[in-house]
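Visitor: Hello! I am new to reading structures, and I would like to learn feature by feature. Could you show me the one we will look at?

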Amino acid sequence: MLKNKSSFSIFIIGALFFVFGFVTWLNSVLIPFLKTACELTASEASLVPFAFYISYFVMAIPSSVILKRTGFTNGMMLGLIIMAIGSLVFVPAALNRNYLLFLIGLFTQGTGLALLQTASNPYVTILGPIESAAQRISIMGICNKIAGMIGILILFSALFSSTEHLLVDFDSITNVALREKILQQLSNSVIFPYLIMAAVLLGLVLFIKMAKLPEIYEDEKEVTKSGADSIFAYPYLWFGIIAIFFYVGVEVVAIDYLIVYANDLQISTNISKYYPVAALSALVVGYVIGITLVPKVISQRMSLLFNAFLGLTLTIIALSFMGIASIYAIIGLSFAHAIMWPAIWPLSIHNLGRHTKLASAFMIMAIAGGAVLPLIYGAVADKISTHWAYVVMLPGYIYLIVFATVLCKIKKWK
C-alpha cells in the first residue's frame, strides 16, 4: 500500500515536471519570436531567459519560507496559480507589443516555477532511497523534456505558421505603418496559446487538490551525521550550488539559442525549429541511459564526471567548426547535460537533515545561471558572433569536472 502511494505521488510529480518542461523550453521559441516582434538585438533578446531564470534567484528563499508555512503540496498548488497569472500577463503584453510586460510575465512564471521546483525536487529525492535519487529525478527529467519538445512545436506552429508569409521580405518593407501592422499581427498570435496555458495550469491546481498527495516532513530535530547546526558547515552543498549555476547556464545556452544561431547560418526556420526538439530528444536519450546505468553500473558522481568531459569536448568541436557540424555538436551537448541535474542534487543535499528545505532553496537560487550565461552569450554575440559566443560555456564544464572529481567529496571546511 505504501509503495502504491509512493508510485502515485511520483506520477503526480511527473505531471508537474511535464509542466516545468512545457513552460521552460518555450523560451527557445520566444527568443526569436520576441526578437522579431519587438525588434530586438541579441543582447536585448537575452533578457527573455534572464527575466525567466533570475526569478529563481529572487524567489527561492521566499519560496522556502512559504513551504515551511504551507507544506510541499499546498506550495505546489500556489506555484501553479502564480504561473497561471504570469501566462495571463502575456495578453496585455501582446496587445500593446510591450517587451517589458512580456518580461514581467516571464518573471512571474519563473516565480511560480521557483516555488514548484523548491517543493518538488526535494519531494522526489526524499520519496525513496538517496542512492536511487538520480534515477527518480531522471524519470522526472524525461517528463520535463518530452513536454519541452511538444511545447516548442506547438508554440512555434501557433506563432509562426499563420504569420510566416507576412515576414517574407519584411526587412525590405519601408512603410512604417505596414511594418507596425505586421509586427502587431505577429505579437497577437501569442495570446491564444497563453490563455490555454493559464487554463491548464489552473486545472492542475484542482487535480493536485483532489489527488491528496501525502505530505512529507523533515524532522526539525534531526541531527545530521556531522552534527553541524549550521547549513554553512557543509562545503559540498555550496560547491554543488555553484555546480547547478553552471549546469543550468550551459543547458539553457545550448538549447535556447539554436534557432537564432541557425538563422544566422541562413538555415530556414522550417528546419531550425526542429533543432531544439532534437536537443531535448538527446536529453531524453541521456535520461533513459542514466536510469538504466545509475547507480547499478556507474555512480552518480562518475556519471557527472563523464558527461562534464563530454560537454567540454563537444563545445570545443562546436567552436572548431562552422555550419551544420557545429549545430550537431551543440545538439549533442544536451545528451551530456541529461544526467547532470539528477547527479548534482543528491551529491549536494545528502545528510543535511533539517537543513534540506533551505538547502533546496539555495540550489534553486543557483538556477539563475540560466539568466546570467545567456546575457553573456548575447553580449558576445552582438560584439563578435553567435558562433564564438558559445565560448562562454567552457568555464562551466571545467568547474563541473572539478566538482565531480574533488569538490563534492569535501565534507568539512579545513
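Visitor: Which backbone oxygen does the side chain of Ser 303 reach?

Guide: Welcome! This is a predicted model, and in it the side chain of Ser 303 reaches the backbone oxygen of Gln 300 at 2.7 Å. Ser 303 is part of helix H14. Leaving out residues up to four places away in sequence, Ser 303 also touches Val 294, Ile 298, Ile 339 and Ala 343.

Visitor: Is Ser 303 buried or exposed?

Guide: The cut-off to keep in mind is that buried means under 20% relative accessible area. Ser 303 has 4% relative accessibility, so this residue counts as buried.

Visitor: Let us step back. How many helices and strands does the protein chain have?

Guide: The chain has 19 helices and zero strands. Of its 414 residues, 59% are buried. Taking contacts with a separation of 6 or more, 85% of them link residues 24 or more positions apart.

Visitor: What is a good way to check the length of a helix, say H19?

Guide: Compare the expected span with the distance between the end C-alpha atoms. Helix H19 covers residues 394–405, and at 1.5 Å a residue its twelve residues should span 16 Å; the end C-alpha atoms are 17 Å apart, so the two agree. You can repeat the check on H10, where 22 residues should span 32 Å and the ends are 32 Å apart, which agrees. For H18, residues 369–383, the expected span is 21 Å and the ends are 21 Å apart, again in agreement.

Visitor: Which residues of H19 are buried?

Guide: A general idea helps here: an α-helix has 3.6 residues a turn, so residues three or four places apart point the same way. In H19, the buried residues are Gly 396, Tyr 397, Tyr 399, Leu 400, Ile 401, Phe 403 and Ala 404. Their cover includes helices H10, H14, H15 and H16.

Visitor: And how many residues of H10 are buried?

Guide: H10 is mostly covered, with 20 of its 22 residues buried.

Visitor: How do I describe the way H10 and H19 pack, and at what angle do they cross?

Guide: Two packed helices are described by the angle between their axes and the distance between the axes. Here the axes of H10 and H19 come within 9 Å and cross at roughly 150°. The crossing is left-handed. On the H10 side, residues including Phe 239, Ala 243 and Tyr 247 take part, and they meet an H19 group that includes Tyr 397, Leu 400 and Phe 403. The residues of this contact divide into eleven nonpolar, two polar and no charged.

Visitor: What joins the side chains of His 337 and Tyr 397?

Guide: A polar contact of 2.6 Å joins them. His 337 sits in helix H15, and its relative accessible area is 0%, so His 337 is buried. Beyond its neighbours within four places in sequence, the contacts of His 337 include Tyr 247, Glu 251 and Leu 283, as well as Tyr 397.

Visitor: What about H18: which helices do its buried residues pack against?

Guide: They pack against H3, H4, H10 and H11. Among the buried residues of H18 are Gly 369, Leu 373, Pro 374 and Tyr 377.

Visitor: Where do I look for unusual backbone geometry?

Guide: Start from the usual case: most residues other than glycine have a negative phi, and most peptide bonds are trans. In this model, a cis peptide bond joins Val 294 and Pro 295, with omega of about 0°. Pro 295 is in the loop between H13 and H14. Glu 39 is not a glycine, yet has a positive phi of about 55°; this residue lies in the loop between H2 and H3. Asn 351, also not a glycine, has a positive phi of about 60° and belongs to the loop between H16 and H17.

Visitor: What is the relative accessible area of Glu 39, and of Asn 351?

Guide: Glu 39 is partly exposed at 42%, and Asn 351 is partly exposed at 37%.

Visitor: One last question: how many residues apart along the chain are Pro 32 and Tyr 257?

Guide: They are 225 residues apart along the chain, and their C-alpha atoms are separated by 8.5 Å. Pro 32 is in helix H2, and is buried, with a relative accessible area of 7%. Not counting residues up to four places away in sequence, Pro 32 touches Phe 160, Ile 259 and Val 260.

Note on methods:
Residues numbered from 1 in each chain as written. Predicted model: local features only at pLDDT ≥ 70, side-chain atom pairs only at ≥ 80, totals over all residues. Heavy atoms only, no water. Helix = DSSP H or I, 4+ residues; strand = E, 2+ residues; numbered from the N terminus. Expected span 1.5 Å × (residues − 1). Buried < 20%, exposed > 50% of the residue type's maximum accessible area, 1.4 Å probe, protein only. Contact = heavy atoms within 4.5 Å. Polar contact = N/O pair within 3.5 Å; in protein donor to acceptor, adjacent residues only side chain to side chain. Axes fitted to C-alpha atoms, helices over the stretch in contact; angles between N-to-C directions. Left-handed = near helix turned anticlockwise from the far one by under 90°. Nonpolar A, V, L, I, M, F, W, Y, C, P; charged D, E, K, R; others polar.
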